[in-house]
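Let's take a walk through this structure together, starting with the whole chain and ending with a few side chains. Keep the 3D view open as you read.

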Amino acid sequence: MEGQVRVMPGVRLGYLEQTAVSGAQSTVKEEVMSRMEEYQTALAEVEIAEAECTEGLPCQLERLESALAAFETAGGYTVQVRASSAWSAWAVWAVWWHALAVFVC
């Protein structure tokens, strides 16, 4: 099968493996979020900066400000919504595909 896929500018495309891990306890949403490496790294930096910001020193506050900026750039406050949207889009596609397969067969 050959063809082309075109993605509009500004659209981010992701891939979530469809392999199940025996005994896995995470939800699909948690799996989607775990693959958002830029977000996970930024979140970890914010948590470290917050923990170290105990005295309110300028260097501590600067690190926290920098970490928060990186977190926002990584989609920090919208990641939950994006992960839910990814799951919703997949679920809609799966239902559509199943309906098409039933119709064709």
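A residue is called buried here when its relative accessible area is under 20%, and exposed when that value is over 50%. Please keep in mind that what you see is a predicted model. By that cut-off, buried residues account for 15% of the 105 residues in the protein. The accessible surface of the protein adds up to about 8700 Å², and carbon and sulfur atoms hold 61% of that area.

Now for the overall layout. The protein has four helices and zero strands, so to read along the chain from the N terminus is to read α-α-α-α. How much of the contact network joins residues at least 24 apart? Among contacts between residues at least 6 apart in sequence, the share is 47%.

With the helices in view, let's look at the aromatic rings. How many aromatic pairs does the structure hold? There are two. A pair of aromatic rings is described by the distance of the centres and the angle of the planes.

Take Y39 and F71 to begin with. Their ring centres lie 5.7 Å apart and their planes meet at 40°, so this pair is tilted. An angle counts as tilted when it is neither under 30 degrees, which would be stacked, nor over 60, which would be edge-to-face. Y39 belongs to helix α2 (residues 37–52), while F71 belongs to helix α3 (residues 58–73), so the pair ties together parts that are 32 residues apart in sequence. Both Y39 and F71 are buried.

F71 also has a second partner, Y77: these two rings form an edge-to-face pair, with 5.1 Å from centre to centre and 85° between the planes. Are the two residues of this pair buried or exposed? F71 has a relative accessibility of 7% and therefore counts as buried, whereas Y77, at 59%, counts as exposed. Taken together, the ring pairs link Y39, F71 and Y77 into a cluster.

Before you leave helix α3, find Q60, which also lies in this helix. Is Q60 buried or exposed? Its relative accessible area is 15%, so Q60 is buried. What does Q60 touch, once residues up to four places away in sequence are set aside? The answer is E52, C53, T54 and E55. One of these, E52, falls at the end of the range of helix α2, residues 37–52.

Notes: Residues numbered from 1 in each chain as written. Predicted model: local features only at pLDDT ≥ 70, side-chain atom pairs only at ≥ 80, totals over all residues. Heavy atoms only, no water. Helix = DSSP H or I, 4+ residues; strand = E, 2+ residues; numbered from the N terminus. Buried < 20%, exposed > 50% of the residue type's maximum accessible area, 1.4 Å probe, protein only. Contact = heavy atoms within 4.5 Å. Areas by Shrake-Rupley, 256 points an atom, 1.4 Å probe, with all protein chains shown as cover. Phe/Tyr/Trp six-rings, centres within 6.5 Å; stacked < 30°, edge-to-face > 60°.
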